[in-house]
Amino acid sequence: MARPKITLYLDTVSPFAYEAYYILRNDPVFKSVDVTYVPIFLGGLMNKCGNTPPIQIKNKDKWINTERLRWASHFNIPITHEMPPDFPPLTLHIMRAACALQQDDDNTTPDRMIRALDHLFARYWVDRAPTHQPDVLKEELVKIFGLQDTEKILKDAAGPAKKQLIENTDLAFSEGAFGLPWMVCTNSKGEKEGFWGVDHLGQIVRFLGVQRPGEGGWKAVL
């Protein structure tokens, strides 16, 4: 029988994409699930959908901060209490770098993109580091990969990775995405469905047929 699968579309600008990413990476519920992480540009997706950024909607801008802290508390996700600086930042440089690493992973060196995402998500959503600033992004990548590899990553990010990011964003749109986190799930029967939001994780585990604990944050997604 085939293992269940999840494709998570993400952008480091989204607190809820960070929370979904953290849960999929760390919660034992998903150990039996093959998870693929796909970097996209959320601003481009929102534009394709004609979707208004939540931060521009009165009352919803405040709700975002409240809700992200609720879910972080439910699932013990490390996160800053105060919003990071310049929220929401322009993350094109970050996501292009992620796409450059995605291309490397596809060809020669698996898991480099995951290492970068682990680090960059935490630096922004835990430490409030302005990772969207090109000089800061370079500093953070050097911590992970060293100077020589980082210079190649950033060169690729300014070149072929631009096209990869557009293709990834278009793919997310074609899969039904209108915001993040967007998760496309395939169960062991080969059935496929899309789900939006951390608050739909309960529906996801039910669809995938994996066992969900009846404690901790999972009580909030019954």
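**Helix α5, a strand pair and the largest pocket**

In α5, the buried residues are R112, M113, I114, A116, L117, L120, F121, Y124 and W125. This picture comes from a predicted model, and it offers a convenient place to begin a tour. Helix α5 covers residues 112–125, and its length can be checked with simple reasoning. The expected span is 1.5 Å times one less than the number of residues. Because helix α5 has 14 residues, it should span 20 Å, and its end C-alpha atoms do lie 20 Å apart, in agreement with that expectation.

Attention now turns to a pair of strands. Strand β1, made up of residues 5–10, runs parallel to strand β2, residues 34–39, and six bridges join the two. Within this pairing, T7 of β1 is found opposite T36 in β2. Between these strands the chain passes through α1, and the resulting β-α-β crossover is right-handed.

Helix α1 also takes part in the next feature, the largest pocket, since residues 15–26 form one of the helices that each supply at least two residues of its lining. The others named here are α2 (42–49) and α3 (60–74). Of these, α3 gives the largest share of the lining, with five residues. The largest pocket holds about 690 Å³ of space, and 34 residues line it. Nearest its centre lie S14, L42, M46, P54 and L180. Sorted by class, the lining of this pocket comprises 22 nonpolar residues, eight polar ones and four charged ones.

Terms used: Residues numbered from 1 in each chain as written. Predicted model: local features only at pLDDT ≥ 70, side-chain atom pairs only at ≥ 80, totals over all residues. Heavy atoms only, no water. 1 Å grid on protein atoms, 1.4 Å probe; cavity = no way out; pocket = protein on both sides within 12 Å on 5 of 7 lines; lining within 4 Å. Points joined across faces, edges and corners; volume = space filled by probe spheres on them. Helix = DSSP H or I, 4+ residues; strand = E, 2+ residues; numbered from the N terminus. Nonpolar A, V, L, I, M, F, W, Y, C, P; charged D, E, K, R; others polar. Buried < 20%, exposed > 50% of the residue type's maximum accessible area, 1.4 Å probe, protein only. Pairing = 2+ DSSP bridges. Right-handed = clockwise from strand over helix to strand, strands pointing away.
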